[in-house]
Every structure is written in structure tokens, then in C-alpha cells.
Amino acid sequence: MGENRIILSTTVNEIRVALVEDGELKEFFIERADIDRMVGDIYKGRVVSVHSGLKAAFVDIGAEKAAFLPLSKVQEENDFDVEEELPSASEKLPVESGNEILVQVIKDPLGSKGARVTTNISIPGKFLVLTPLSNKVAVSRKIPDRRERERLKKIVRKNKPKDKGFIIRTAAEAKETNDFKTDIKNLLRLWSRIKKKELKKMKKNVPALIHKDAELVIRLMRDIFTEKIGEVIVDSKDAYKKVLGYVSYITPRMANKVKLYRGKSPIFKTYKIQDEIDRMVNRRIKLKSGGYIVIEATEAMIAIDVNSGKSSADTVPEELALTTNLEAAEEIAKQLRLRDIGGIIVVDFIDMEKEKSREKVVSTFKKAMKNDRARYKVIEISNLGLMEMTRKRVSPGISQTFFDICPVCEGKGKVLSKTHLSLKIIRGLESNVKNLENKSITIYGHPSFIDFFSKEFSESLAYFSKKFRICIHLGKDNALAIDAFKIFDNEKLKDITKTILK
């Protein structure tokens, strides 16, 4: 059985984090300089309009598009799976056009849609989430034991202020009073700073950003670094200091798990993660039995098709259908979590006549989804072999991170984003600097890509040129696809793309 670890890799323009469980990549996160993540941020906004039909309001938070605020009783309050519903702050305060209102982003803007916000402010800590506008204590459903839930509630109620609420996170299971006291103290101190900043901003300009959620490195240490993780390996001294500092303060007994990577080859290459990341962009995934699944995104939903790959006939034998579907169920659960696929998802399993077979596939799928941090709901397989489900994203997902809308097909298909391609080249150069020292190379790409690359990554190119004396030229080639590039050794007159990206 492989070890559970968090592996953190940094480059000039991005931070990448891999969560590995039993030696297998389970979750992957990216934070880039060109992507402004808003989820968790708190704004003092102004209500632009209220729509009774939509049961929603639009709030100006200073972004390009007004944010969407649901006003119905049932809201997407936060990302924490709680045992009971907390009251909505918008039920207590009337929301009218022109009102100034404190809101928190729960979903980033996407396409033509603005951010989604809530009036139910929630500030996460390591073991608790502060809900300052409520006085209730709730507990995660993922803590199954009723006695444990009651024990935890009793500790928090005894140590919290009467006018403040808290959600007890899954990571709090089996924790003692001192763990909660530290969290409560830190969260109340942070809320006090937020309120002071809100008062200052109100005297000046509204809308205004009141609180920015922690950067990726700290968020992940807060959310996924538990006792189950054997080690955290970081390849940058600066990031290592940040991680160690945070862990030493919040959970000092786990500080010895944080380690600085000193290997010569790229950290993701050493731990055999890069190949798995590269496969994440594929729409077709092979199964061990010879079958495969195909993942297709539409505007309305995600469609996943399961194929046996063994027969061209209209029907597949029940035994083969069950074997392939069971394999597909586990792989689909893995891909949903790894790619962070959200929204409405429809899985077209191979038809099975027996109800027991369908029940076994659903049971296998639910078991495989057990460790998924996202909220999800699964509907049983229909007689047509369709399983419907919903899943709430944890992060922006690879669709936004890895792809651009293709200017040729106008969105009917997808191409790898210019940023993703650029960073792929930068990582390749970074891991081959010794072989490239004192050499002359040319990077060829489609004109639109080269224009972007030369503008956005000029500092990175200048850094490699100066420090390692690499003469880097950029060449435009209309014959290359919009999401392709080549790296050429000018001295040996040889294409070295595969060598650089190996």
C-alpha cells in the first residue's frame, strides 16, 4: 500500500498541488497568477436590483458582472456538509435596491455569469467554521457516530461566545478541547479584523473587498492536511517556510511531516504524477478489462458514456456488462474527484437486465465516492442504464484551468489554453537547464500563441536566458495547431520537443 502524501510544486507563474492516497493521484489543484479566484472572499456590496420572480438579487461587488444572490429559504450556504440547516442572513435583513450588504462569494464567475454570493458568512479554520451571523452549532454529516457528534457539540457550545455559531468540520473527529479553543480564538480574531475593515470601507467606497481568502498553499493545509497524510513535500524554500509556519502554529505535532524536496529532477516527475496529470485532458479513459469511458461536457450537463470495447453487437452479455460497469463505476468516481467535475452528471452505463446487477454498480460507485470532499447526490440507475447525479465543485476544475474556447470552432470543441501551453514549456526548460546551457533554441508555435507567450512570459524567458546563457528565439508557424508547439535545437538542427517534455 502506497503512502498518503501532499506534493507541492512551484514555478514562476503557478503553484500545483497533488493529493496522493495509497500511492495514487486523487486530487489536483492549480493556482495561477492569471486566474483570480474569488470563492471565500467577502465583499461590502450594493444591491443593484431585486427580482421577485427569480427570488434573487443582483449585487455590485466591484467585479465585471453583478453577483447573483439567492433570496429563497434554501440556499447554497457554504461548502461544508452540515447536519442541520443554518438560518439565512438574508431572511433577517431585508434586501432592497440601493442597500449596502455584506456578502461572500460561493461560486466564481463563469462565462457570461457573475459570481454567486451568500449573506451567510462562513470563515473556515482547521477544525471549525465560524458562522458569525448565526448562534447555532452544527456538525458535519461525515462524522457518523452520534455520540461523537454530541461530544463535539458540547465542547464547542461550552467554549464559544453565545452570539456566534460554528460548524464542526470532519477533521474535528476525536479532537479535544484545546484544539477547539485555538481555532475559536483565531477565527474570532479574524472576524474582528473583518468587521473593523468593513466599518472603514463603509466610510469610503462601496463596493469594496473586505476579506481575501487564504492562498492555495494555506487553504490546502487547512482543508486536506489531516493525520491520514504521512508527509507534505514542497520543492520551494519560500513555500516550505509558509507551510511549516502555518502547520507549526495550528497543529505543531504534525510539523515534522513537512519536508523540503532536494531532488534534482522535477518533483512531479520523481513521484510519477506528471503523466497522470497529462492524462486528465483526455476525454477517453481506458479500463483494465478493455472497455473505456468517454467524458463529454455540454452547456447543460456532463455526459459520461461507458463502452465495453469488446463487441460491436447491439447487446452485451450480462456478465461482461456488469464487469465493465463495475470497473467504470470506480474509474468515474476517481475522475469526478480528480478533474473536479461539477453540476448535473448523467452516466450511460451498459444496459443490464438484472436489478441486482444495477444495485451492485450503484453500491460500488457510492463506495468509491466515499472519500470525495464535494457534496453530491446519486439517483439509482434507470431501466435505460442511466444514472443521474449532481456534484458540487471544490475548485474551478480543469475545464477552466487547462482549456480555452477554440476560435476556429467557436466553442464546439476545446483547445489547450495558452497559459497551460506556456507553463508546460517553462517547466520543460526548468527541468532541462543543464542540458540547454550555452545552447541556442527556437520555440515555434501558432502566431496567436507566440504573441501571447512572448508578452506574458517575457520575464521567465529572460531569466533562463541570463542565468543559464540559453539563447531563446521565438518563431511563428501558421502550419502548427493553435494548441501545439515545437522546440528546435539550432546547433544540431534537431527537434527536441519530446526530450524537453519527457
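**Exercise 1.** Find the residues in contact with Glu-327, leaving aside neighbours within four places in sequence.

*Solution.* Contact means heavy atoms within 4.5 Å. With those neighbours set aside, Glu-327 is in contact with Leu-287, Lys-288 and Ser-289. Now take Lys-288. The side chain of Glu-327 reaches the backbone nitrogen of Lys-288 at 2.6 Å.

The model is predicted: local features need pLDDT of at least 70, side-chain atom pairs count only at pLDDT 80 or more, and totals for chains, interfaces and linings use all residues. Residues are numbered from 1 along each chain as its sequence is written, and side-chain values use heavy atoms, with hydrogens and water left out.

**Exercise 2.** Place Glu-327 in its helix, and decide whether Glu-327 is buried, partly exposed or exposed.

*Solution.* Glu-327 lies in helix 8, residues 318-339. Helices here are DSSP runs (H or I, at least four residues), and strands are too (E, at least two), numbered from the N terminus. Next, the exposure. Buried means under 20% relative accessible area, exposed over 50%, and partly exposed in between (1.4 Å probe, protein chains only). Glu-327 has a relative accessible area of 21%, so Glu-327 is partly exposed.

**Exercise 3.** Find which element supplies the largest share of the largest nonpolar core.

*Solution.* A nonpolar core is a set of buried Ala, Val, Leu, Ile, Met, Phe, Trp, Tyr and Cys residues joined through side-chain atoms within 4.5 Å. The largest one has 30 residues; among those touching the most other members are Ile-304 and Ile-332. Elements that each supply at least two residues include strand 18 (302-307) and helix 9 (355-368). The largest share, eight residues, comes from helix 8.

Methods
A polar contact is a pair of N or O atoms within 3.5 Å; within protein, one must be able to donate a hydrogen and the other to accept it, and residues adjacent in sequence count only if both atoms are side-chain atoms.
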